[in-house]
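User: Please take a close look at one helix and its surroundings. I am a first-year student, so keep the sentences short.

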Amino acid sequence: MSVVGQAVPRIDGPRKVSGVAKYTSDHRVDGMIYAVPVGSTVAAGRIAEIDVSKAVAAPGVIEVFQRSNVGKLYKPSPGAGAIDETRPPFADDVIRYYGQFVALVVAQTFEQATAAASLVDVTYRDVAAPNVALDLSPDDEPTEVARRGDPSAAYDASPVKVDQTYVTPAETHNPIELHASLATYDGEAFTLYETTQAITNHRNVVSEILGVPRENVRIIMKFLGSGFGGKLWPWTHGTLAAAAARNLGRPVKLVVTRKQMFETVGHRARTQQRVRMSAQRDGTLTSLRHDPVNGAGMLDEYDENCGEATPYFYGTNNLRVTAAQTRRNIGAPTAMRGPGAVPGLFATESAYDELALALGIDPVQLRLRNEPAHDQNLNIPFSSRHYAECLTLGAQKFGWSQRTPAVGSMRQNGTILGWGVAGCSWIAARFGAEARVELHADGSARVLTGTQDIGTGTYTVLAQVVAEATGVALEHIAVELGDTRLPPGPISGGSMVTASVIPAVLEAARGAMKSAVALATKGSDAPFAGVPADELHFEGGRIARKDSAAGAVPFEDVLCTASVAQVSGSGKADATFADEHPKYSLHSYGAQFVEIGWQPEIARLRVNRIVTVVDAGRIINPRTARNQIEGALVMGVGMALFEETHYDPRSGAPVNSNLADYVMASHADAPQMDVTFLDYPDTALNELGARGVGEIGLAGVAPAITAAVYHATGVRVRALPVTIENLLAP
Ligand code: MOS
């Protein structure tokens, strides 16, 4: 490998830093007008009346839409694709959460629309106290998602036990870029500029909501100011912008405000998870039960899937994992970076730390002791699992052997140090992908696939894969993403884009190269006229005889001689994500080692450093991959210490719905980070052996931090985030 595996800077970097890159709300089209939605100010009740008389009379107002005049919006069919709030906006007069859109003001300018939106007079009836209760108990009998042996009997018979409940709060995705939509309609077809992590899914779902054929909806998304899962699926603002464009016959731009982002475009569900674990005195895990409950919206099912990693992560013969939900008057929850496993591992890895303490066994050693030989849940082998090496190498790099286990026993310059560890894991799978690769007569290459780059480095990684396959230099490769006119590509979700596109792109590249070889043998001017194609090969951008490098001809010369502008190939690879009978258990693994500093005199808690070792298959680009892990580690500091969305029990409103009151980790909170990739190719997933790195970096950070907090302070925080109050009044 010469390009794959290199720490190449982002090829789209110059476009981003120079401001040339167009994000969704940067697009402008002639005749564009602005829409501002009006949100409900109650969280449970009904709309009695919407008086728009003042709003329509306000300067610049073109129209105010509500249920009576928005026009037909359909529910997407169950097979349409993914969407977490399936009720079309304005579908009925019922209010189910604070901020639910009840009207839409369209005006000549954004300022006029904003001003007029404040004049829409909504009266409500049947207003009830919203249910935003923090304590979560299942609405229905929990569903069993995994079971083996007899965990309850094994637990009762074991000498050492842990039975604790862990809580992760509602969190709100706060990418810098606001959700936005610019909708255009030509009387037949829509072109929608959207902030989306999934253009193909977006087209499929939104075309059904709008009631037009799929081919009449085009989605464009060239650059995303991140999403963290909040931009995976369509939300109501996009539907409203499209409806307004359709109704008015003019392009409509709608940018969701930061406050509205806390209300209407998803959040990470609150979770409450009981974990019961037991062990023999030597540390052998004898049983594990994991019973999570997560909050859901009033209408749609939402399973946070906290138990995802539990059944295979550690070996035990007795296990039961369940799932349960409870409905709240809060907007629909959605996937947020590492959905399921991230909150799930906070609970199970925290319990593991408590078990280690109860046993008097070092938490790294305890994890090594229960390393399973195969996936006991599916009863199949692991494709490539190097979790033990993550732990041992991480321990070595961190200096873990210097740890003294007694609480508060480690000090440095007057600060109490706490050292904690946790493991992590994340799914590895592929979504279906199609791609096209072109080789051009000017020596350049082009790769086209309808996936998108959400800031993670997809443009760059695709260019590297094509450069590796064709020998075309990176700077001569154009990558086309973010348009549903391209061959359909995967969602940017589940950390699966890279693994998903590799097989399709390599197949397409091979097709293009084969086509160039064939061209080299055809016609009297052809450099290899009359030579059978199977005696030639394409290597390093040149075509040559397999038995001799002499006389190799650059492919562009072949195309020029033949007077052909381009040759191309197509590739298509199937999804493995929902495989019913996988041959291998495919996952990524990692270990997080954390040092915190605690100064009780001034109640100052700081995460000093994190050592992370990640086993995510072959790393295509160590620079973009490291960016992903480091960003996730900082997010993990926020998850452990700061992030929580608070819903006012009186109004149901998220009260800290702004970047001042919703505290996230900033640069000043970022620890020193040491990231190592093991780099073992996992060829069960694709021939390059790449898995994915977007999400695993967040998993395990919070439980490692709370383990370190315990080590420093003696306070075990089981409900995130850790607050100073937790530590001052144990
Ligand atoms: Mo990620 S939550 O799959 O965008």
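The part I would like explained is helix α12, residues 458-470.

Analyst: Let us start with the helix itself, then move outward. Keep in mind that this is a predicted model.

Helix α12 has 13 residues. From its first C-alpha to its last, α12 reaches 18 Å. That is close to the 18 Å expected at 1.5 Å a residue. Just after α12 comes G471, which takes a positive phi of about 80°.

Is α12 enclosed or open to the outside? Of its 13 residues, 11 are buried, so the rest of the structure largely encloses α12. Buried here means under 20% relative accessible area. The buried residues run from T458 through Y459, T460, V461, L462, A463, Q464, V465 and V466 to A467, and T470 is buried too.

What do these buried residues pack against? Their partners include two helices, α13 and α15 (622-641). The strands β18 (433-440), β19 (445-448), β20 (477-480) and β21 (536-539) are partners as well.

Take the helix partner α13 first. Helix α13 covers residues 497-521. The axes of α12 and α13 come within 10 Å and cross at roughly 35°. The crossing is right-handed. On the α12 side, the contact uses T458, V461, L462, V465, V466, A469 and T470. On the α13 side, they meet V497, T498, V501, I502, V505, L506, A509 and M513. By class, this contact has 12 nonpolar residues, 3 polar residues and no charged ones. Look at the spacing of the numbers as you read those lists. An α-helix has 3.6 residues a turn, so residues three or four places apart point the same way.

Now turn to the sheet. It is an open sheet of 4 strands, in the order β20-β19-β18-β24, with mixed pairing. Its edge strands are β20 and β24 (566-573), and each pairs on one side only. On average, neighbouring strands of this sheet are turned by 15° against each other, direction ignored. How does α12 sit on this sheet? Helix α12 packs on the sheet and touches β18, β19 and β20. The direction of α12 makes about 135° with that of β20.

Two of the touched strands pair with each other. Strands β19 and β20 run parallel, joined over 4 bridges. In this pair, A445 stands opposite I477 in β20. A further helix, α14 (residues 555-562), lies across β18 and β24. It runs at about 70° to β18.

One strand partner remains to be followed, β21. Strand β21 is joined to β22 (residues 542-545) by 4 bridges, and the two run antiparallel. Here H537 has A544 in β22 as its bridge partner. The hairpin of β21 and β22 has 2 residues between the strands, and G540 takes a positive phi near 60° in that hairpin.

The chain of pairings continues. Strand β22 also pairs with β23 (residues 548-554), in the antiparallel sense, over 3 bridges. The bridge partner of R545 in β23 is S548. These two strands form a hairpin, again with 2 residues between them.

To recap: α12 is largely enclosed, crosses α13 in a right-handed way and packs on the sheet through contacts with β18, β19 and β20.

Notes. Residues are numbered from 1 along each chain as its sequence is written. This is a predicted model: local features need pLDDT of at least 70, side-chain atom pairs count only at pLDDT 80 or more; totals for chains, interfaces and linings use all residues. Side-chain values use heavy atoms; hydrogens and water are left out. Axes are lines fitted to C-alpha atoms, for helices over the stretch in contact, and angles run from 0 to 180 degrees between N-to-C directions. A crossing is left-handed if the near helix is turned anticlockwise from the far one by less than a right angle, and right-handed if clockwise. Contact means heavy atoms within 4.5 Å. Ala, Val, Leu, Ile, Met, Phe, Trp, Tyr, Cys and Pro count as nonpolar, Asp, Glu, Lys and Arg as charged, and the others, Gly among them, as polar. The expected span of a helix is 1.5 Å times one less than its number of residues. Buried means under 20% relative accessible area, exposed over 50%, partly exposed in between (1.4 Å probe, protein chains only). Two strands pair if DSSP finds at least two bridges between them.
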